[in-house]
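Colleague: I am new to this structure. Could you take me through it?

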Amino acid sequence: MEKKFWLIGVALALVHMVFALLFANLTPFKSPGILLGQRGTDGRPLSVPDVGAPDELPHIVYMEHLKAGEGIPVLDPSDPDLGRTYQSHQPPLFYGLAVQWSGIFGETALGMRSINAVFGALTVLGVFALGWWGTRRREVVVIAAGFAALLPMHIALSGAVSNDPLLFCLCTWSLAMLALISREAESGLCSRNLIILGLLAGLAFVTKTSSLVLLPTILVAIILLRKHIKWTEWIPGAVIALGIGGAWWVRNYQVYGDPFAIKIFQEAFVGSPKAAMFQEAFGAYTYWTQWVGWWTGRSLIGVFGYMDIFLPNPVYGIGLLLLVALFVVGLLQAMREEDSASRRTFGMGAVFGGVTFLQFLQFNNLYFQGQARYLLPGIGALALPIALGGTPKGRVALGAILLVALLALDIYLLTWLPGQFAIRAVVI
C-alpha cells in the first residue's frame, strides 16, 4: 500500500517536470529585448541582453568556461565584462553536471534547461518524502507536494539555467533525510541514513553558499535527538559533508582569501541597487513593506522574465492572503502535534526556514533583492505548514482549492506569457 502511495509523489513530480519543460520552451533564450518596468537615462524602456530568465546568461558563461577546458572561473570585480561573468564565484557542482547534460541533449533552450526540470521534479518528490517521513499523514503529504509541484515561480525556476533548482533539491532531501532519521531514531537508527545526510549536505555546499543554513539545522537535530542518537554517530556523516564542502572552501581561501567568497561577491555586486538608497528615498518602513515585502510576496507566486512580467495585483493579494492564512494555521497546529517525530520535523523545518529568512533579510539590508527564490531552498519547510493548515482534521477542501487554483494559474500562464515576452523582444 505504501509503495502505491509513493506513486502519487512520482506523478506530481512528473507534472512539475512537464510544466517546467513547457515554461522552458516558451521563455526566450539568449534573446535581447526591453524591460517595460525599468527606464534608461533617456526615459525609454531599458534594453537588456536577455529578457528570458534572471541571471541565465552569466550561468551559461560559467558553463562555457568549463566547456572550453579553462577550469573553474575566478570572479574579478574589475572585469569589463562583469555583466556576463558575475556568477563566477559560484561553487561548481551544478555547472559541471549541466555541461555534461547539454553535451548529451544539446545547447538549445530545452537541451540546457531540461536538467533543472529534472531537479525540480526531484525537489517535489523530496517534499513528498519530507511530508511522509515527517507526518505520516497522506492528505498533508499530497497537498504539500502538490503545492511544490504547481507553484508557478517554482516551475519557472525549474525551466531556466540556474544553480537554484539543484540547491532546492539537495536542501529539500536533506530535510527529508532528517525527518526519516527522526522517525527511526526511537526504534533504532540505521547509520546509513546519517551517511546519506552527510553526502546530501556536502553536495549542497558545493552547489551554493547559502546552503550553509543546513549547518544550524543539523545542529538542532543533534540536540533534539540526543536521547536516541549519540553525538559520535553523527561524525562519519559530518566528515563527509565537511570534507566535500571543505575542499571548495580551501580553494576559495587560496583564490580570494575568504572561504565563502563573500567579500569578492560584494565587490562585484556593487552596481546593484543598495538598500540604503531606497530607505533614504522612501523610508525604512516603506522599503521593507512595499519594496522588499510586496516584491517578494508577488515573486513567491510568480513574477516572470527579469522581474518584469507581473500578474494582476488581485491575484497576488488573494493568493498571498490564502497562503499566509494556511501557513499560520498550520504552524499553530504543528505546535500541538502529539507525534514526537512530527514535532521534531516541524521544529527542524522552522529552524531551516527561519535561518534562510534571516539570510534573506541580511542580504536585503545591503541590496534590494526582493525575490522569493532566495527563500525557496526552504520550499519543503514552507509547504508542510501550508498543507497542514489546508487539511484541518483530515478535511482537504482548502488544500484542494489551493491546488486547483495553482493548476488553473499554470495553464493560464502557458497561454499568456508568450505574448508578454513577444512585447519585450524588441531591440531599440
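Colleague: Which residues does Phe147 touch, not counting residues up to four places away in sequence?

Modeller: Keep in mind that this is a predicted model. Phe147 is one of the residues that touch the most other members of the largest nonpolar core. Leaving out residues up to four places away in sequence, Phe147 touches Leu323, Leu382, Ala383, Ile386, Leu402, Leu403 and Leu406.

Colleague: Which helix gives the largest share of the largest nonpolar core?

Modeller: That core has 109 residues. Trp133, Phe147, Trp234 and Leu417 touch the most other members. The largest share is 15 residues, and these come from helix H8 (residues 164-185).

Colleague: How far does helix H15 reach from its first C-alpha to its last?

Modeller: H15 covers residues 313-334, which makes 22 residues. At 1.5 Å a residue, 32 Å is expected. The span in the model is close to that, at 31 Å.

Colleague: Where do the buried residues of H15 sit, on the same side or on opposite sides?

Modeller: The buried residues are Tyr316, Gly319, Leu320, Leu323, Leu326, Gly330, Gln333 and Ala334. They cover an arc of only 160° around the axis, so they share one face. That puts them on the same side of H15.

Colleague: Which residues are exposed on the other side of H15?

Modeller: Exposed means over 50% relative accessible area. On that other side, the exposed residues are Pro314, Ile318, Leu321 and Val324.

Colleague: Which helices do the buried residues of H15 pack against?

Modeller: Leu323 is one of these buried residues, and Phe147 touches Leu323. Phe147 falls within helix H6 (138-150), one of the packing partners. The full list is H6, helix H14 (284-301), helix H16 (340-366), helix H17 (379-389) and helix H18 (397-424).

Colleague: Which helix gives the most to the lining of the largest cavity?

Modeller: The structure holds two cavities of 30 Å³ or more, and about 280 Å³ of space lies in the largest. Its lining has 24 residues, with Ala53, Pro54, Met153, Leu157 and Gly305 nearest the centre. Helix H1 (2-26), helix H7 (152-158) and H18 each give two or more residues. With three residues, the helix that gives the most is H7.

Colleague: Is Ser31 buried, partly exposed or exposed?

Modeller: Ser31 lies in the loop between H1 and strand E1 (33-39). Buried would need under 20% relative accessible area, and exposed over 50%. Ser31 has 22% relative accessibility, so it counts as partly exposed.

Colleague: Which residues does Ser31 touch, not counting residues up to four places away in sequence?

Modeller: Cys171 is 140 residues from Ser31 along the chain, and their C-alpha atoms are separated by 32 Å. With residues up to four places away in sequence left out, Ser31 touches Pro49, Asp50 and Val51.

Definitions and conventions
Residues are numbered from 1 along each chain as its sequence is written. This is a predicted model: local features need pLDDT of at least 70, side-chain atom pairs count only at pLDDT 80 or more; totals for chains, interfaces and linings use all residues. Side-chain values use heavy atoms; hydrogens and water are left out. Helices (H or I, at least four residues) and strands (E, at least two) are DSSP runs, numbered from the N terminus. The expected span of a helix is 1.5 Å times one less than its number of residues. Buried means under 20% relative accessible area, exposed over 50%, partly exposed in between (1.4 Å probe, protein chains only). The arc is that of the directions from the helix axis to the C-beta atoms. Contact means heavy atoms within 4.5 Å. A nonpolar core is a set of buried Ala, Val, Leu, Ile, Met, Phe, Trp, Tyr and Cys residues joined through side-chain atoms within 4.5 Å. On a 1 Å grid over the protein atoms alone, a cavity is a set of points where a 1.4 Å probe fits but cannot get out, and a pocket is an open set with protein on both sides within 12 Å along at least five of seven lines; lining residues have an atom within 4 Å of a point. Grid points are joined across faces, edges and corners, and a volume is the space filled by probe spheres set on the points.
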